[in-house]
Amino acid sequence: MNSYNTAQRINSQVNASVTYKTDLAQFEVPEFWQEAGKFGDCEDYTLLKRALLLEQGWPSDKLNLCCCWVETGGYHCVLLVDTDKGFYILDNRYAWPMTPKSLPYKWDKALREDGKWYELSF
């Protein structure tokens with residue numbers, strides 16, 4: 001059920017179907033979290049990927065929204081998925097799932113299923 005291949009397909013599908021656009025440009029507010037439609041920023045891609053994986057029967061406790069700082073210092077949101085091949089990050093900046101340690105990010109926190117944030121240490 002939590003197959004790496006499904007995660008890879010959803011990541012590619014969403015990345016190809018959504019055009020990056022900031023919340024400020026789209027909604028005239030600094031932050032507005034919603035599943036991406038035609039446009040979205042990082043958390044919108046992440047929310048759409050999570051929703052599509054849930055529709056595929058993925059257990060919600062195997063999907064975590066994660067926040068991090070990218071190499072330019074910007075704050076970023078990605079989806080951590082627990083697959084049959086281990087933990088991977090689904091990211092709008094990469095066409096394929098990446099292992100957390102392979103990314104040039106400084107990890108901050110992740111959102112659990114119960115709505116609480118926890119500190120990350122990869």
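In the hairpin that links β3 and β4, five residues lie between the two strands, and G73 adopts a positive phi near 95°. This turn is a handy entry point into the model, which is a predicted one. The two strands on either side of the turn run antiparallel and are joined by seven bridges. Within this pairing, C68 faces H76 of β4. A second hairpin follows, in which β4 is connected to β5 through two residues. Here too the pairing is antiparallel, with five bridges between β4 and β5, and T83 has G86 in β5 as its bridge partner.

These strands belong to an open, five-stranded sheet with antiparallel pairing, and its order is β5-β4-β3-β6-β7. The edges are taken by β5 (86-90) and β7 (117-119); each has a single partner strand, so one side of each is left without a neighbour in the sheet. On average, and with direction ignored, neighbouring strands of the sheet are turned by 35° against each other. Moving from β3 towards the β7 edge, the next strand is β6. Five bridges hold β3 and β6 together in an antiparallel arrangement, and W69 sits opposite K106 of β6. Strand β6, covering residues 106-111, then pairs with β7 over three bridges, again in the antiparallel sense. In that pairing, L111 has W117 of β7 opposite it.

How much of β3 and β4 is covered? For β3, six of the seven residues are buried, leaving the strand mostly covered. For β4, eight of the nine residues are buried, so this strand is largely enclosed by the rest of the structure. A helix also packs against this part of the sheet: α3, made up of residues 42-55, lies across β3 (63-69), β4 (75-83) and β5. Relative to β4, helix α3 runs at about 20°. As general background for anyone inspecting the strands, side chains in a regular strand alternate between the two faces of the sheet.

Aromatic residues offer another view of how the parts come together. The structure contains four aromatic pairs. In one of them, the ring centres of Y4 and Y88 are 4.8 Å apart and the planes meet at 65°, so the pair is edge-to-face. Because Y4 lies in helix α1 (residues 4-17) and Y88 in strand β5, this pair ties together parts that are 84 residues apart in sequence. Both Y4 and Y88 are buried. Another of the pairs brings together Y105 and W107, whose ring centres are 5.7 Å apart with planes at 70°, so this pair is edge-to-face as well. Y105 and W107 are likewise both buried.

Stepping back to the whole protein chain, the count is three helices and seven strands. Along the sequence, these elements follow the pattern α-β-α-β-α-β-β-β-β-β. The radius of gyration is 13 Å, close to the 14 Å that the globule rule gives for 122 residues, so the protein chain is as compact as a globular protein of that length. Taken along the principal axes, the C-alpha atoms fill a box of roughly 40 × 30 × 30 Å.

The contacts and the surface complete the picture. Among contacts in the protein chain with a separation of 6 or more, 47% are between residues 24 or more positions apart. Of the 122 residues, 47% count as buried. The accessible surface of the protein chain amounts to about 6600 Å², and carbon and sulfur atoms contribute 52% of that area.

Methods. Residues numbered from 1 in each chain as written. Predicted model: local features only at pLDDT ≥ 70, side-chain atom pairs only at ≥ 80, totals over all residues. Heavy atoms only, no water. Pairing = 2+ DSSP bridges. Helix = DSSP H or I, 4+ residues; strand = E, 2+ residues; numbered from the N terminus. Axes fitted to C-alpha atoms, helices over the stretch in contact; angles between N-to-C directions. Contact = heavy atoms within 4.5 Å. Rg over C-alpha atoms; globule rule 2.2 N^0.38 Å. Buried < 20%, exposed > 50% of the residue type's maximum accessible area, 1.4 Å probe, protein only. Areas by Shrake-Rupley, 256 points an atom, 1.4 Å probe, with all protein chains shown as cover. Phe/Tyr/Trp six-rings, centres within 6.5 Å; stacked < 30°, edge-to-face > 60°.
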